[in-house]
Amino acid sequence: MEVEKKIQADFFKTEQNNEPVRDFLKALSPEDKKSVGADIMAVEMSWPIGYPMVRKLDTDLWEVRTGISDKRICRIMSTVSGNTMILLHAFVKKTQKTPKEDMELGKKRRNLVLGGQK
């Protein structure tokens with residue numbers, strides 16, 4: 001029996017057709033890719049899902065939180081449009097607070113995806 005996804009993950013595309021989150025994930029080790037992929041899939045299957053896996057950062061902006069190798073923490077920022085979770089920005093978190101540049105980039109991409117509604 002196949003379980004249906006409640007929401008489908010997709011990658012944000014820049015004007016140059018680049019996919020920054022896909023590129024970030026490709027650079028991870030196979031073990032880390034598997035961890036991040038499993039968490040994204042868990043969100044797809046269980047949306048809406050809360051803390052500790054997903055944390056709301058701002059209006060229509062969430063982060064998927066994944067522990068990866070060497071006690072590092074990976075964050076994938078996303079927004080939701082209809083039945084699609086758009087993966088906007090990814091980074092390895094090095095401080096307790098989300099860096100300002102990462103928040104601004106996530107918000108900028110969210111606004112592009114949602115048509116400047118926010």
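## Sheet, helices and packing in a predicted model

Helix H2 (residues 30-46) lies across S1, S2, strand S3 (61-68), S4 and S5, and runs at about 140 degrees to S3. Helix H3 (residues 100-113) lies across S2, S3, S4 and S5, at about 165 degrees to S5. Helices (H or I, at least four residues) and strands (E, at least two) are DSSP runs numbered from the N terminus; axes are lines fitted to C-alpha atoms, for helices over the stretch in contact (heavy atoms within 4.5 Å), and angles run from 0 to 180 degrees between N-to-C directions.

The model is predicted, with local features requiring pLDDT of at least 70 and side-chain atom pairs counted only at pLDDT 80 or more, while totals for chains, interfaces and linings use all residues. Residues are numbered from 1 along each chain as its sequence is written, and side-chain values use heavy atoms, with hydrogens and water left out.

### The sheet

The sheet is open and mixed in its pairing, with five strands in the order S1-S5-S4-S3-S2; two strands pair if DSSP finds at least two bridges between them. Strand S1 (8-11) and strand S2 (54-58) are the edge strands, and because each has a single partner strand, one side of each lacks a neighbour in the sheet. From one strand to the next, the twist averages 40 degrees.

S3 and S4 are antiparallel to each other and share seven bridges, with Arg72 in S4 as the bridge partner of Ile68. These two strands form a hairpin with three residues between them, where Asp70 in the turn has a positive phi of about 60 degrees. Lys71, in the loop between S3 and S4, also has a positive phi of about 60 degrees although it is not a glycine. Strand S4 (residues 72-81) pairs with strand S5 (residues 84-93) in the antiparallel sense over nine bridges; within this pairing Ser78 stands opposite Leu87, and Thr79 has Ile86 in S5 as its bridge partner. The hairpin of S4 and S5 has two residues between the strands, and Gly82 takes a positive phi near 65 degrees there. S4 is mostly covered, with seven of its ten residues buried, where buried means under 20% relative accessible area, exposed over 50% and partly exposed in between (1.4 Å probe, protein chains only).

### Cores

The largest nonpolar core (a set of buried Ala, Val, Leu, Ile, Met, Phe, Trp, Tyr and Cys residues joined through side-chain atoms within 4.5 Å) has 21 residues, of which Val21, Leu25, Val36, Trp47, Ile76, Met85 and Leu87 touch the most other members. S1, helix H1 (20-26), H2, S3, S4 and S5 each supply at least two residues of this core. Apart from its neighbours within four places in sequence, Leu25 is in contact with Phe11, Lys33, Val36 and Ile76. There is also a second, separate core of eight residues, and among them are Phe12, Met77, Leu88 and Met103.

### Individual residues

His89 lies in strand S5, and its side chain makes a polar contact with the side chain of Asp102 at 2.6 Å. A polar contact is a pair of N or O atoms within 3.5 Å; within protein, one must be able to donate a hydrogen and the other to accept it, and residues adjacent in sequence count only if both atoms are side-chain atoms. Not counting residues up to four places away in sequence, His89 touches Val21, Arg75, Ile76, Met77, Asp102, Leu105 and Arg109.

The whole structure contains one aromatic pair, formed edge-to-face by Trp47 and Trp62, with 5.3 Å centre to centre and 90 degrees between the planes. Rings of Phe, Tyr and Trp (its six-membered ring) pair if their centres lie within 6.5 Å, and planes under 30 degrees apart count as stacked, over 60 as edge-to-face and the rest as tilted. The two residues are 15 apart in sequence, Trp47 being in the loop between H2 and S2 and Trp62 in strand S3. A cis peptide bond, with omega of about -5 degrees, joins Trp47 to Pro48, and another cis bond, with omega near 10 degrees, runs from Tyr51 to Pro52.

Met45, in helix H2, is 39 residues from Lys6 in sequence, yet the two are 5.4 Å apart in space, C-alpha to C-alpha.

| Residue | Relative accessibility | Class |
|---|---|---|
| His89 | 10% | buried |
| Trp62 | 15% | buried |
| Trp47 | 18% | buried |
| Met45 | 25% | partly exposed |
| Lys71 | 81% | exposed |
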